[in-house]
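Me: I would like to go through this model and ask, term by term, where the words come from. Could you show it first?

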Amino acid sequence: MHAFDYATPESVADAVVMLSDHGKNACVLAGGTDLIVQLREHRRRTDLVVDVKKIAELNALSCDASTGLTIGAAVPCYRIYGDAEIAAAYPGLMDAARLVGGTGIQGRASLGGNLCNASPAGDTIPPMIVLSGQAEIAGPNGTRKVAVEDFCTAPGRTLLGDGEFLVSLHFPAPAPNSGAFYRRFIPRNEMDIAVVGVGASVVLSEDKSTFVSARIAVGAVAPTPLFVREAGDALAGQPVSDESIRRAADLAREAARPISDMRGTAEYRKHLTSVLTRRVVEGAVQRAKE
Amino acid sequence: MSKKVHVQTTINGEAVDFLCEPRNSLLEVLRDDLDLTGAKEGCNNGNCGACNVIMDGRLVNSCCVLGVEADGCEITTIEGIGSAANLHPLQQKFLEHAALQCGICTPGFIVSAKALLDENPNPTEDEVRYWLAGNLCRCTGYDKIVRAVLDARNGA
């Protein structure tokens with residue numbers, strides 16, 4: 001690994017100063033499970049690694065029935081699914097937090113890091129999108145909030161500007177009669193990268209017979225995780241039925257623009273997008289009924 | 001070369017200070033500077049688990065941790081689990097079940113399994129298999145390892 005300096009700022013303001021001073025020659029370290037490997041394999045270069053784990057906001061984890069869920073950008077997966085209240089309230093997020101790497105990776109890897117790494121196949125990103133996640137960003141001009149679906153701009157690229165970094169993720173409290181689900185397809189049982197991943201959240205009517213609203217997002221079928229707004233919108237106002245769900249799955253399939261690679265052909269991925277969307281919406285419906 | 005940093009840790013119950021460059025992984029520090037060569041370098045990218053250690057109570061891949069990040073942390077390596085004269089129950093069960101062949105992955109498996117039993121003293125077979133999914137073994141086919149861990153439950 002090439003030489004670099006290492007800093008551990010203890011406040012958001014100090015981190016912004018360090019990152020601004022170094023511009024593109026600095027990078028942010030949270031769990032390190034992507035960054036350290038990328039530096040070692042010369043896929044990234046940096047003069048300064050800014051370890052943000054000593055900043056209180058980055059380690060915050062709180063859940064409130066009225067204000068929702070706040071997850072500091074450096075909070076590792078195990079803390080998220082290890083919190084019984086959060087796990088019960090956001091099962092769709094737990095589906096993904098539990099399958100990022102193995103146990104050793106989950107001891108360090110964060111949802112914030114998964115988002116900033118901006119892999120098209122990042123497992124936690126589709127569920128964060130369908131749960132209407134907001135990313136809080138700090139930078140030289142103060143803080144701003146953006147929707148998770150707007151965060152990734154290309155493989156490995158985000159909308160973070162020089163001097164900016166992700167502070168935390170916010171999710172609204174789950175609506176009554178709502179449910180969310182994430183599932184990926186992999187040829188193995190564990191420890192793999194999604195061929196296709198789909199997240200869905202639904203809100204049902206009080207009698208659980210009709211979709212009030214829905215959000216669907218797909219991973220590994222486009223340069224970034226993709227929010228398929230039209231697929232969720234097509235469910236709104238429709239009865240909970242095989243027919244309505246199949247229509248949403250068709251729209252997700254149409255929105256997918258996958259490439260062919262070692263994990264699967266474009267055609268295979270499009271087919272999987274449809275099948276998984278159907279199953280994931282059904283899973284979300286099931287949870288909304290529980 | 002950037003300046004070396006002074007890092008203070010507790011490793012296997014003993015206070016250990018070391019100097020390292022920010023670019024050195026915890027695995028490199030353990031093996032090359034501290035002569036704790038039980039943790040192995042397998043893939044060096046977080047896939048194989050051969051370098052696993054317990055850091056502040058959490059299982060981590062030491063190849064994906066910078067040595068400087070260990071400042072103020074408590075670390076348990078395979079050297080801190082049992083001794084030749086007094087094997088840890090997991091080590092005893094690995095022997096009894098012949099849960100190793102070439103042995104390169106074994107320290108990582110024992111450390112991972114210890115972290116599991118520390119957190120969940122009575123895991124199911126499914127829980128053992130999922131917990132150990134981040135440890136790769138190319139010899140045994142895993143069954144003997146899983147049986148050894150299951151047999152070490154309660155005894156650990």
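Reply: Happy to. Keep in mind that this is a predicted model. A good place to start is the interface, where 23 residues of chain A are in contact with 26 residues of chain B.

Me: What makes a residue of chain A count as in contact with chain B?

Reply: The cut-off is a distance of 7 Å between C-beta atoms placed from the backbone. On the chain A side, strand 1 (5-7), helix 2 (35-40), strand 3 (48-51) and helix 6 (103-106) each supply at least two residues. By type, that side of chain A divides into ten nonpolar, eight polar and five charged residues.

Me: Thanks! Now to chain B: why are helix 2 and helix 5 called oblique to each other?

Reply: Helix 2 (residues 89-96) and helix 5 (residues 143-152) of chain B have axes that cross at roughly 135° and come within 8 Å. Angles over 145 degrees count as roughly antiparallel and 65 to 115 as roughly perpendicular. The crossing of roughly 135° falls in neither range, and helix 2 and helix 5 of chain B are therefore oblique. Their crossing is right-handed.

Me: Which residues make the contact of these two helices?

Reply: Helix 2 of chain B brings B:Pro89, B:Leu90, B:Lys93 and B:Phe94, while helix 5 of chain B brings B:Ala148, B:Val149, B:Asp151 and B:Ala152. Six of the residues in this contact are nonpolar, none polar and two charged.

Me: How do you know which strands are the edges of the sheet in chain A?

Reply: This open sheet has four strands in the order 11-12-13-14, with antiparallel pairing. Strand 11 (178-185) and strand 14 (226-227) of chain A each pair on one side only, and they are the edge strands.

Me: And what makes strand 11 and strand 12 of chain A a pair?

Reply: Pairing asks for at least two bridges, and eight bridges join strand 11 to strand 12 (residues 196-204) of chain A. As one example of the register, A:Ala180 stands opposite A:Ser201 in strand 12.

Me: Why is A:His42 called exposed, but B:Tyr142 partly exposed?

Reply: A:His42 has 9 other C-beta atoms within 10 Å, and exposed means 12 or fewer, so A:His42 is exposed. B:Tyr142 has 17; buried starts at 20, so B:Tyr142 is partly exposed.

Me: What do their phi angles look like?

Reply: Phi of A:His42, in the loop between helix 2 and strand 3 of chain A, is near 60°. B:Tyr142, in the loop between helix 4 (125-131) and helix 5 of chain B, has a positive phi of about 75° although it is not a glycine.

Methods:
Residues numbered from 1 in each chain as written. Chains lettered and ligands numbered in written order. Predicted model: local features only at pLDDT ≥ 70, side-chain atom pairs only at ≥ 80, totals over all residues. Nonpolar A, V, L, I, M, F, W, Y, C, P; charged D, E, K, R; others polar. Axes fitted to C-alpha atoms, helices over the stretch in contact; angles between N-to-C directions. Parallel < 35°, antiparallel > 145°, perpendicular 65-115°, else oblique. Left-handed = near helix turned anticlockwise from the far one by under 90°.
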